[in-house]
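Work through the exercises below with the coordinates open. Each task is followed by a solution in steps.

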Amino acid sequence: MEEELKTTNRALVAKWVGDYSDDLFSWAYHKASSKEVAEDIVQETFIAALKGIDRFKGDSNPKTWLTSILNNKIIDYYRKQARSFKTVSDNDEMTNSVFDSNDRWANTTPDPMW
C-alpha cells in the first residue's frame, strides 16, 4: 500500500513537472538572472515537492503550492549568497594596512631612493 502511494505521488509530481516547470523556470530566471541557477532552483523545488507531497492538501492549485516552495528556494539561494560575501568588518587586515592608528590614510608612498 505504501509503495503504491509513493508511485502515485511520483506520478503526480512528474505531471506537475510537465505542467508547471516552464512557468516556475520563468519566475526563477526573473529572480536569479542566471539560467543555471534558475534550473537548479526549479529542480530543488520539485524535489522538495516530492518529499513534502503529504503536506499538499489540494486546497489550492498545485502551481500555487509549487510557487510557494520556489519562492522559499529563491530566498534560500540569496541567503546563501549573502553569507558567502565578506563584510567590511571581516577585512580588518586590509583596512589596517591603509589607515594609520589615527584612522587617517596611511602614507603608503615608498621612500624615494635618491
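**Salt bridges and exposure**

A salt bridge joins the side chains of Arg 79 and Asp 76, with 3.9 Å from N to O. The term means a side-chain nitrogen of Lys or Arg within 4 Å of a carboxyl oxygen of Asp or Glu. This is a predicted model, in which local features need pLDDT of at least 70 and side-chain atom pairs count only at pLDDT 80 or more, while totals for chains, interfaces and linings use all residues. Residues are numbered from 1 along each chain as its sequence is written, and side-chain values use heavy atoms, with hydrogens and water left out.

**Exercise 1.** Locate Arg 79 and Asp 76 in the helix that holds both, and classify Asp 76 by exposure.

Step 1. Both residues belong to helix H3 (residues 62–84); a helix here is a DSSP run of H or I with at least four residues, numbered from the N terminus.
Step 2. Arg 79 and Asp 76 are three residues apart, about one turn of the helix.
Step 3. Buried is under 20% relative accessible area, exposed is over 50%, and partly exposed lies in between (1.4 Å probe, protein chains only).
Step 4. Asp 76 has 39% relative accessibility, so Asp 76 is partly exposed.

**Exercise 2.** Find the N to O distance between Glu 39 and Lys 35, and their spacing in the helix.

Step 1. The closest N and O atoms are 3.1 Å apart, and the pair forms a salt bridge.
Step 2. Glu 39 and Lys 35 lie four residues apart in helix H2 (residues 35–51), about one turn.

**Exercise 3.** How many salt bridges does the rule give?

Step 1. The count is five.
Step 2. Arg 10 and Glu 3 also form a salt bridge, at 3.9 Å from N to O.

Notes
Helix = DSSP H or I, 4+ residues; strand = E, 2+ residues; numbered from the N terminus.
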